[in-house]
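Colleague: I would like to learn how to read a protein model feature by feature. Could you walk me through one?

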Amino acid sequence: MATWMRGLRDRLPTGARLSDEDWAGRHRLLTVVLAVCMVLLTVFGLIKGEKTAELLITDGLVLPSLVAAARLPGRRLRSLAVAFGFTSACAGFVALCHGLTEAHFTFFILIPALALYRDWAPFGGFLVATTLHHGGFGIIEADHTFGHDSAQQHPLVWALIHGVAVLAAASFQLVAWRFNEIEEERARENLSESQAQLSVAFDETPVPMAMFAPDGRVLRTNSAYREWLRLPAELPDDFSVRDLPLIPIQPDEPHIGQLLTHSYEPITVTRQYRRSDDQSLMWVQTHATGLYDRSGQLRLTFVHCLDVTAVRDHEAELRYQVRHDSLTGLLSRKAFELDLTELLTRSDGAEPVSVIYLDVDRFKSINDGAGHTTGDDVLRALAVRLRLVVPTGALVARLGGDEFIVALAGPSGTGLRVANGILAACEEPLAVGGYELPVSCSIGVTTAFGSAATDDVVLAADTAMYAAKRAGGNRVQIFTDELRAPVQEKIAAEARVRRALAGEQRITLPLWFQPVASSSTGQILGAEALVRMRTPEGEILSPFHFIGAAEETGLIVPLGEHVLRSAIDHLLHWSDRLGYVSVNVSPRQLAEPDFVPMVASILSRLPGFDPSRIVLEITETAVLSSTVDVSERLTALKQLGVRIALDDFGTGYSSLTWLKSLPADIVKLDRSFVAGLAEDPKKNSIIQAVLWLARSLGMSTIAEGVEEPADWEALRAAGCPAVQGYLFSKPLPAADFDEMLRRHHERATFEGVHLRETMGTPVAG
């Protein structure tokens, strides 16, 4: 029996499960409906005009029920008052209708209405009151309760019938009520499980997370958030975002919740804060999502925070590295060009912009003599001095190497004044590595306005600087249009060289040859290969027009390789008629680490070829200015079998010293010693001394620039073995030189002509 009762109880709704908010809404609805019913019932009674007593009794019971429904404490008493009021209204309506059967339908209508409370007290009270009404009033006022004779004669039976009918109607409400409770219990279980999962995810995640009310109050935080901000485990109820130990760097910025009131989409905000405990700066990236109610009002803000200080610091460091020179900390070339463009735009012609370009004089000597570390120290020290000299707000940059540039806006003459200040500051030696190192600079100054292009302004200052350097350095040069022509010519020369190297080099860069003849017989012993340039228009240009540009830009390296390869090809073609060919090697080529391997690679492709038929001519000035160990480099070349010639001998500072220290095979006397030799006994003495020294060191000698027969005679008398110059031939194109070789070879082979008959007069070019 007990088990059956428990089973029945478990199948019945428990009741009183509504939330306060839901119950209040339903109670308000039923109270209003009860008040409306009382009004309608009163109007109905007045229209009927009879049974005034029943009407007064009904209103007298319903009206207190309304008052009790509004004033009584607790949900249950108030809902019971509503149930009693509805029972009284239905009973009064039945009485006013003289027990009409259809009037009893009101009881059935109110069953689902009172089931809205989902509480046994009002629902069961209404059922009990309905049964008592039918039973009690059926006996006392049978004609007012039941409108037929059978019920008036047996009121209790019909009261029971009505009660059973009401209970039957209520049973379906109970079933629906129970099903709703089962569904709600399942939903609550699912919700509880979801909330538990959410709590675990929220509380245990290592990412700082929090929930904020729209007014900024902190509703909930996880442990990572509290640990990140060093907050206690329990926060006060009124703790808000204003109490967080983070002080915004921009205090006027809106709170994240305020941003979400205007946007229904999640937002991400990155801001900088200062911690109130240790005053350290930090960058925080906040991802926020708003939770809104049905009316679109923000209920709460869910945020998770990332400390991106390290990322922002790294980004700032990268931006600094991009904009600044790593050695000196000054602006980089790219950053300077961008800032100069902005400065020119800002000035907009209203105020001129001065650009000062400076280059350290003889910086290469500092690097070579004291080492690159000392050179770097000099550049850093010079950068510090520049910052001290130039006005605040000026742009200061290192363009690369030992070149610096300054830009500043100001009245005319500002640039010259600052440039002179820099020059004066450089007069004081720089303290580098415990030493006082004297440094001088060549400085160029130009003035520009807003319409000027940045590249043109920098080029003008650079042009003026080179003019100052060519004038001896340690001076300031103001840019003028007259200075532009040499620069434009240099640019044009560089373009010509690049175009020639990119074309068919045997055509665009042909070789001409000048013979080297025996002093005694006039026989052609060898030839010097000299490069020329053929323009697209067919004009032939001498090296004067392009070698300087090639040397400055480094294009001399591929150009020199072409000359060497082409010279060897011609030598192979003249193999039976020409002893050797000499090729000039520039300082830039000699300094290249790949130069010796390049020569070795070319020779390795010529099996059976005698490498001594290749002579590499190195100028004495190239030896003096080279940054590499020249003796070691030349020794490596001689190990390949090629011969070395010291060109322009006598134009350097220590010629005799170089003769004994360099592994040279040939000494080429400079034309300054040859011209007028026959009339100058001093030159003759010098020539004889050099010839004696060269012979004693096992070297051969060639006299350059021989143009007069008398000088040739003097050289022959002095014992100079070979001569070269316009007396015998100027440089000739390969085809003309080939014809010269053919004629000389035929004469030497078939005619056996005496030297004086063969070379008595200069050979026509």
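Modeller: Gladly; we will go from overall totals to sheets, helix packing and a few single residues. Keep in mind that this is a predicted model.

Colleague: Let's begin with the totals. How many helices and strands does the protein have?

Modeller: There are 31 helices and 24 strands in the protein. Of its 765 residues, 44% are buried. The accessible surface is about 39400 Å², and carbon and sulfur atoms hold 57% of that surface.

Colleague: And what share of the contacts joins residues 24 or more positions apart?

Modeller: Among contacts with a separation of 6 or more, 64% are between residues at least 24 positions apart.

Colleague: On to sheets. In what order do the strands of the open sheet of six strands lie?

Modeller: Read across the sheet, the order is E2-E1-E6-E5-E4-E3, and the pairing is antiparallel. At the edges are strand E2 (218–221) and strand E3 (246–248), each of which pairs on one side only. On average, neighbouring strands here are turned by 35 degrees against each other, with direction ignored.

Colleague: How do E1 and E2 connect, and what is special about phi in the turn?

Modeller: The two strands make a hairpin with five residues between them, and Gly216 in the turn has a positive phi of about 100 degrees. Strand E1 (residues 209–212) is antiparallel to E2, with three bridges in the pairing. You can locate one of them at Phe212, whose bridge partner in E2 is Val218.

Colleague: Which helix lies across strands E4, E5 and E6?

Modeller: That is helix H12 (residues 309–323). The strands under discussion are E4 (267–275), E5 (281–292) and E6 (298–307), and H12 runs at about 125 degrees to E5.

Colleague: Now a strand by itself. Is E7 mostly covered or mostly open?

Modeller: A residue is called buried when its relative accessible area is under 20%. Strand E7 (residues 353–360) is mostly covered, with eight of its eight residues buried. Looking at the faces, Val353, Val355, Tyr357 and Asp359 are buried on one side, while Ser354, Ile356, Leu358 and Val360 are buried on the other.

Colleague: Which strands pair with E7?

Modeller: One is strand E9 (residues 403–409), joined to E7 in the antiparallel sense over seven bridges. Ser354, for instance, stands opposite Leu408 in E9. Another is strand E12 (residues 441–448), also antiparallel to E7, over eight bridges. There, Val353 stands opposite Ala448 in E12.

Colleague: Let's turn to helix packing. What numbers describe two packed helices?

Modeller: The description uses the angle between the two axes and the distance between them. In this model, helix H13 (residues 333–347) packs with helix H17 (residues 454–470) at about 110 degrees, and the axes are 9 Å apart.

Colleague: Why are H13 and H17 called roughly perpendicular?

Modeller: Angles of 65 to 115 degrees count as roughly perpendicular. The angle between H13 and H17 is about 110 degrees, so these helices are roughly perpendicular to each other.

Colleague: Which residues meet where H13 and H17 touch?

Modeller: From H13 come Phe336, Glu337, Leu340, Thr341 and Leu344, and they meet Thr454, Val457 and Val458 of H17. Sorted by class, this contact has five nonpolar, two polar and one charged residues.

Colleague: Finally, single residues. Why does Thr508 count as buried?

Modeller: Thr508 sits in helix H19 (residues 505–508). Its relative accessibility is 17%, so Thr508 counts as buried. Leaving aside neighbours within four places in sequence, Thr508 is in contact with Ala500, Gly503, Arg532, Met533 and Arg534.

Colleague: And what about Asn420 and Gly548: how is each classed?

Modeller: Partly exposed lies between the 20% and 50% cut-offs. Asn420, in helix H16 (residues 414–425), is partly exposed because its relative accessible area is 39%. Gly548, in helix H20 (residues 547–553), is partly exposed because its relative accessible area is 41%.

Colleague: How far apart in space are Asn420 and Arg475?

Modeller: Their C-alpha atoms are 8.4 Å apart, with their positions 55 residues apart in sequence. For Gly548 and Ala493, which are 55 residues apart along the chain, the C-alpha separation is 8.4 Å.

How values were computed:
Residues are numbered from 1 along each chain as its sequence is written. This is a predicted model: local features need pLDDT of at least 70, side-chain atom pairs count only at pLDDT 80 or more; totals for chains, interfaces and linings use all residues. Side-chain values use heavy atoms; hydrogens and water are left out. Two strands pair if DSSP finds at least two bridges between them. Helices (H or I, at least four residues) and strands (E, at least two) are DSSP runs, numbered from the N terminus. Axes are lines fitted to C-alpha atoms, for helices over the stretch in contact, and angles run from 0 to 180 degrees between N-to-C directions. Contact means heavy atoms within 4.5 Å. Buried means under 20% relative accessible area, exposed over 50%, partly exposed in between (1.4 Å probe, protein chains only). Accessible areas come from the Shrake-Rupley method with a 1.4 Å probe; for residues, only the protein chains shown count as cover. Angles under 35 degrees count as roughly parallel, over 145 as roughly antiparallel, 65 to 115 as roughly perpendicular and the rest as oblique. Ala, Val, Leu, Ile, Met, Phe, Trp, Tyr, Cys and Pro count as nonpolar, Asp, Glu, Lys and Arg as charged, and the others, Gly among them, as polar.
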